[in-house]
Amino acid sequence: MRDGVRIALDIVRPLGDGASTKRDTILVMTRYWRGVKGGPPHEFADLFVPQGYAVVVGDARGTGASFGVWPYHRGRAETLDFSEVLDWIGAQPWSTGQVVGYGRSYTANTADWMAERNHPALKGIVPRFADYDPYEDVYFPGGVPNASYGQTWGDWVKDLDRNLMILPDGERSPGVRPVGPHGESDLDAALQDRKQIPSVWEGFQHVTFKDDCPPTWGGVAMIDWSTQEVANRLDRSGTPIQNWAGWFDGGTAQGAIRRFLRQSNPINVIIGPWGHGGDKSYDPLRDANEVILPTTLAQQTNDVRFADLCFNGQAVRERGKMLHYYTLGEATWKSTRSWPPAANRRRWHMASGFRLSSSPPDETGLDSLQVDTNLGDGTSNRWAFETVVGFGDRQQFDAARLAYTSEPLTHDLEVTGHPVVHLNITSTREDGIFFVYLEAVKPDDVSLYLTEGQLRALHRKVWTDSPFRALGPQHSYLRHDAEPLIPGEAALISFTLHPISALLPAGYRLRVCLAGSDQATFANVPADGRPPLLEFHRGREGCCIDLPIIDPSLERDESRLPHSLPR
């Protein structure tokens, strides 16, 4: 690189190619090792090389067998490397000079930052399950510290940077694949460079706001490594994008929709009933054994097809945007050129007797919740980033929550979009967390998870100039917008839940649950002192939730792009 740092790459090409047989190239930049010593090529080489592509997989700066240091995600030194790697690929005798960036999870994020470089060789990117904004989509949803994942992931990648990986069977991996004739000694030297670099988790513990700069990050804030914050630079590149996300995968669906709204690039967004990675599907309103398409193989086939369209120029010529999404229960895929879909906002109120009422209640009152910092949901949830999602009967968590349930639905009801909650509350503390869960109760009384939202009270000021305000109340999470509660004084807290599309059958009931802690996943707020006593106000000006209800009579734009999702 420009500063002398060496980046480790694997190059995988079709068998039988000569030194100058030219191929279009797929580029993957990972922080999870490009390969294991003595092991096979990367899994993405298995996907693309048989289709006639060359594949280059690199260890990001400061990781794997590369030199340099990795103090936090997508540091500027790391993302600047992508331009030089693209230059290098274009200069190889086996390269056509055309590249598509590809990846899942962290490598999806590096694909995004390849597009930010506006390099002429880059013809498209396929970010699968990316974090459009790492603060809101992963580590601090609603400003709430996702401590479980932050620490687990931070410790795991720090071990990788020590060349330590424990395999599922408990055995230790042989380590990252070295590079070249001096690979072992080079690897030892690279490991020494990063020995004193603190875990990224240490930095997260100093973050409350998006613009906080932890001391271990050298003056850099999370806002500096957010794709959402460089949307203008992605626009200028004009790079075609195919972005996958899951309704049950952290905040990836929220990020995918924001990307769809914000970017002007040709975009194909696909949101399905998946956890992280799209390997396993989950539709609580269908039989658990039902196969939901597209399978992983079909998803990959679609990615290869999209890469073809990027290389032949068709993707960039279309200049359009399309969002494909799966509706739970109905088990159908729908496509739209605009979001949110045309819907009627219908309000449900938290009423006396823990009823969820579609009529404004006349009576006033309070429902109290003493936050118990030892209680919360289970560990298998959207924030664990597991490939298998399982929420079970949600009533098992009722000890930590207030639950409001509607009468049985008299007809099928489709909820598609972003539910919005308005909480009129009083608290005994100046800060706290407000969790809201939307569920569907089957006729046999089993309560099924649909979606959720959360907000730390400190961030409650509504950001009226947000580019995403059409989705519901947004928040800046910046220090200058902090607005603590005044203990004992009523306050209105409004926020948007994570998006969902679900068709609830007649006979089901809606359930909305309120909580102030989720100990298994999120850090408690406040961190010390007596936990808050929360009072939720009832009445016409009390707590309520607005659901986006799709009326079958409303016109829906379901036209297709040529690279739309295969059924």
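## Two paired strands at the end of a sheet

Strand 8 (residues 321-327) is joined to strand 9 by 5 bridges, and the two pair in the antiparallel sense. Within this pair, tyrosine 326 has as its bridge partner tryptophan 333, a residue of strand 9. The model described in this report is predicted.

## The open sheet

Strands 8 and 9 belong to an open sheet of 9 strands, arranged in the order 1-3-2-4-5-6-7-8-9 with mixed pairing. Strand 1 (9-12) and strand 9 (332-336) stand at the edges of this sheet; each has a single partner strand, so one side of each is left without a neighbour in the sheet. On average, neighbouring strands of the sheet are turned by 15° against each other, direction ignored.

In a regular strand, the side chains alternate between the two faces of the sheet.

## Helices that meet the sheet

Helix 9 (residues 252-262) lies across strand 5, strand 6 (241-246), strand 7 (267-272), strand 8 and strand 9. Relative to strand 6, helix 9 runs at about 150°.

Helix 2 (residues 76-90) contains 15 residues. From its first C-alpha to its last, helix 2 reaches 22 Å, close to the 21 Å expected at 1.5 Å a residue. Its buried residues are Glu78, Thr79, Asp81, Phe82, Ser83, Val85, Leu86 and Ile89. The cover over these buried residues includes strand 2 (23-30), strand 3 (54-59), strand 4 (95-104) and strand 5 (122-128), together with helix 3 (106-116).

## A buried glycine in strand 7

Glycine 272 is located in strand 7. Is this glycine buried or exposed? Glycine 272 is buried, and its relative accessible area is 0%.

Leaving aside neighbours within four places in sequence, glycine 272 is in contact with Ala245, Gly246, Trp247, Tyr326 and Trp333. Two of these residues, Tyr326 and Trp333, are the bridge partners described at the start. Tyrosine 282 lies 10 residues from glycine 272 in sequence, and the two are 9.0 Å apart in space, C-alpha to C-alpha.

## Strands 16 and 17

A further antiparallel pair is formed by strand 16 (residues 433-441) and strand 17, with 9 bridges between them. One of the residues involved is valine 436, whose bridge partner in strand 17 is glycine 453. The hairpin of these strands has 5 residues between the strands, and aspartate 445 in this hairpin takes a positive phi near 80°.

How many residues of strand 17 are buried? The count is 10 of the 10, so strand 17 is largely enclosed by the rest of the structure.

## Cavities

The structure holds 4 cavities of 30 Å³ or more. The largest cavity contains about 190 Å³ of space. Its lining consists of 19 residues, and those nearest its centre are Glu136, Gln254, Arg258, Tyr477 and Thr496. Helix 9, strand 17 (447-456) and strand 18 (491-496) are the elements that give two or more residues to this lining. Strand 17 gives the most, with 3 residues.

## The largest pocket

About 890 Å³ of space lies in the largest pocket. The pocket is lined by 30 residues, of which Tyr32, Glu43, Arg104, Trp156 and Met165 lie nearest its centre. Two elements, helix 1 (43-48) and helix 5 (147-160), give two or more residues to the lining of this pocket. Which of them gives the most? Helix 5 does, with 5 residues.

Note on methods: Residues numbered from 1 in each chain as written. Predicted model: local features only at pLDDT ≥ 70, side-chain atom pairs only at ≥ 80, totals over all residues. Heavy atoms only, no water. Helix = DSSP H or I, 4+ residues; strand = E, 2+ residues; numbered from the N terminus. Expected span 1.5 Å × (residues − 1). Buried < 20%, exposed > 50% of the residue type's maximum accessible area, 1.4 Å probe, protein only. Contact = heavy atoms within 4.5 Å. Pairing = 2+ DSSP bridges. Axes fitted to C-alpha atoms, helices over the stretch in contact; angles between N-to-C directions. 1 Å grid on protein atoms, 1.4 Å probe; cavity = no way out; pocket = protein on both sides within 12 Å on 5 of 7 lines; lining within 4 Å. Points joined across faces, edges and corners; volume = space filled by probe spheres on them.
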